[in-house]
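Student: Could we go through this structure together? I would like to start with the general form and then turn to individual residues.

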Amino acid sequence: MNIKWFKESFGGMTQWVYQRFTAVFMVIYLLIMSALISNHSVFKYSAWVSIFDTAWVRFGTLIFFYVMFFHAWIGILHITEDYIKWFAIRRVINFCFLVIIILQILIINFYLIQIWVVDA
Amino acid sequence: MRLPLPALVSILHRMSGALLFLLMPFLTWAFCSSLSSELNFAKTIFILNSWPAKVIQIFFIWALLHHLMAGLRHLLLDLQIGNDLILARFSSKTVLFVSFILTTIVAYWI
């Protein structure tokens with residue numbers, strides 16, 4: 001699976017579909033969240049936290065971050081593919097970007113699970 | 001060389017996407033840190049209110065809005081809406097204009 005991803009060989013059509021669906025999901029999430037946030041005064045900690053009290057908001061937020069990282073990863077693959085012609089260098093750079101994304105996924109998982117599962 | 005408007009929107013879509021990728025760690029940090037505790041929330045707000053953070057936020061907001069608008073335009077083009085030259089130029093202008101205006105409004109509000 002990993003080797004397949006590094007060869008950037010999951011098909012163009014699949015990427016195209018993923019990119020559109022993740023984009024639509026993110027737009028819907030952002031619209032719903034801005035509606036929720038505009039009802040609160042978010043400059044208070046209690047109000048800010050209470051937005052994320054409901055289970056579906058937490059679930060949606062986690063999914064939002066995963067979807068955002070995935071969307072960003074496909075975008076990065078497209079950009080490096082267009083501007084970095086040398087395959088070996090492109091792989092190294094893609095790998096660096098992948099590490100940056102994976103680190104953020106770990107941080108998100110660590111914090112949100114700590115805040116939302118352990119504390120609850 | 002004159003860059004056609006739809007091409008400008010397209011390249012800015014790509015650049016704003018790259019910018020969003022680079023600024024993503026700030027979003028991840030701010031989100032996690034603001035939720036983790038009351039003290040961290042106050043610290044996060046304090047840092048976000050400093051002027052370098054505000055400059056970053058304005059760039060972030062512009063990149064997000066432009067990427068969003070250009071992305072919606074892209075989805076419409078996928079649906080065969082607005083493929084002819086006049087509409088394509090009009091929608092590019094709209095994308096540039098709306099994202100700029102909204103950024104100005106949000107920047108004023110920040």
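**Two helical chains**

Tutor: Chain B has a radius of gyration of 17 Å, whereas a compact globule of 110 residues would have one near 13 Å. Please keep in mind that this is a predicted model.

Student: What box do the C-alpha atoms of chain B fill?

Tutor: Along the principal axes, the box is roughly 55 × 25 × 25 Å.

Student: And how many helices and strands does chain B have?

Tutor: Chain B contains four helices and zero strands, and its pattern along the sequence is α-α-α-α. Of its 110 residues, 23% count as buried.

Student: What share of the contacts in chain B comes from residues 24 or more positions apart?

Tutor: Such pairs make up 76% of the contacts in chain B that have a separation of 6 or more. One pair distant in sequence is Phe59(B) and Thr103(B): they are 44 residues apart along the chain, yet their C-alpha atoms are 8.7 Å apart in space.

Student: Where is Phe59(B) found?

Tutor: Phe59(B) belongs to helix H3 of chain B, which covers residues 51-78.

Student: Why is Phe59(B) classed as partly exposed?

Tutor: Phe59(B) has 16 other C-beta atoms within 10 Å. The class is partly exposed because a buried residue needs 20 or more and an exposed one has 12 or fewer.

Student: Now chain A, please. Which elements does it have?

Tutor: Chain A has five helices and zero strands, running α-α-α-α-α from the N terminus on. Of its 120 residues, 8% count as buried. Among its contacts between residues at least 6 apart in sequence, 60% join residues at least 24 apart.

Student: Which residues are buried in H4(A)?

Tutor: The buried residues in H4(A) include Phe65(A), Met68(A), Phe69(A), His71(A), Ala72(A), Trp73(A), Gly75(A) and Ile76(A).

Student: What span should H4(A) have, at 1.5 Å a residue?

Tutor: The 29 residues of H4(A) should span 42 Å, and the end C-alpha atoms are 42 Å apart, which agrees.

Student: Turning to the interface, how many residues of each chain are in contact?

Tutor: There are 17 residues of chain A in contact with 17 residues of chain B. On the chain A side, at least two residues each come from helix H2 (12-38), helix H3 (45-51), helix H4 (55-83) and helix H5 (87-118). H5(A) gives the most, with five residues. By class, this side of chain A has 14 nonpolar, two polar and one charged residues.

Student: What does Ile107(A) touch?

Tutor: Not counting residues up to four places away in sequence, Ile107(A) touches Thr28(B) and Cys32(B). Ile107(A) is placed in helix H5 of chain A and is partly exposed, with 16 other C-beta atoms within 10 Å.

Student: Which residues touch the most other members in the largest nonpolar core?

Tutor: That core has 18 residues, and those touching the most other members are Phe69(A), Ala72(A), Ala63(B), Leu64(B) and Ala70(B). Two or more residues are given to this core by H4 of chain A and by helix H1 (5-36) and H3 of chain B. H3(B) gives the most, with seven residues.

Student: What is Ala63(B) in contact with?

Tutor: Leaving aside neighbours within four places in sequence, Ala63(B) is in contact with Ser16(B), Leu19(B) and Leu20(B).

Student: A change of topic: where does Gln80(B) lie?

Tutor: Gln80(B) is in the loop between H3 and helix H4 (85-109) of chain B. Its phi is near 70°, a positive value in a residue other than glycine.

Student: Is Gln80(B) buried or exposed?

Tutor: Gln80(B) is exposed, with 7 other C-beta atoms within 10 Å.

Student: Finally, what pLDDT do the chains average?

Tutor: Chain A has a mean pLDDT of 86, with 87% of its residues at 70 or more. Chain B averages 92, and 99% of its residues score at least 70.

Student: Which elements have the lowest and the highest mean pLDDT in each chain?

Tutor: In chain A, helix H1 (residues 2-6) has the lowest at 50 and H4(A) the highest at 93. In chain B, H4(B) has the lowest at 91 and H3(B) the highest at 94. For the complex, the predictor gives an ipTM of 0.90 and a pTM of 0.88.

Notes. Residues are numbered from 1 along each chain as its sequence is written. Chains are lettered from A and ligands numbered from 1 in the order in which they are written. This is a predicted model: local features need pLDDT of at least 70, side-chain atom pairs count only at pLDDT 80 or more; totals for chains, interfaces and linings use all residues. Two residues are in contact if their C-beta atoms, placed from the backbone, lie within 7 Å. Ala, Val, Leu, Ile, Met, Phe, Trp, Tyr, Cys and Pro count as nonpolar, Asp, Glu, Lys and Arg as charged, and the others, Gly among them, as polar. The radius of gyration is taken over C-alpha atoms; the globule rule is 2.2 Å times the number of residues to the power 0.38. The expected span of a helix is 1.5 Å times one less than its number of residues. pLDDT is the predictor's confidence in each residue, from 0 to 100. A nonpolar core is a set of buried Ala, Val, Leu, Ile, Met, Phe, Trp, Tyr and Cys residues joined through C-beta atoms within 7 Å.
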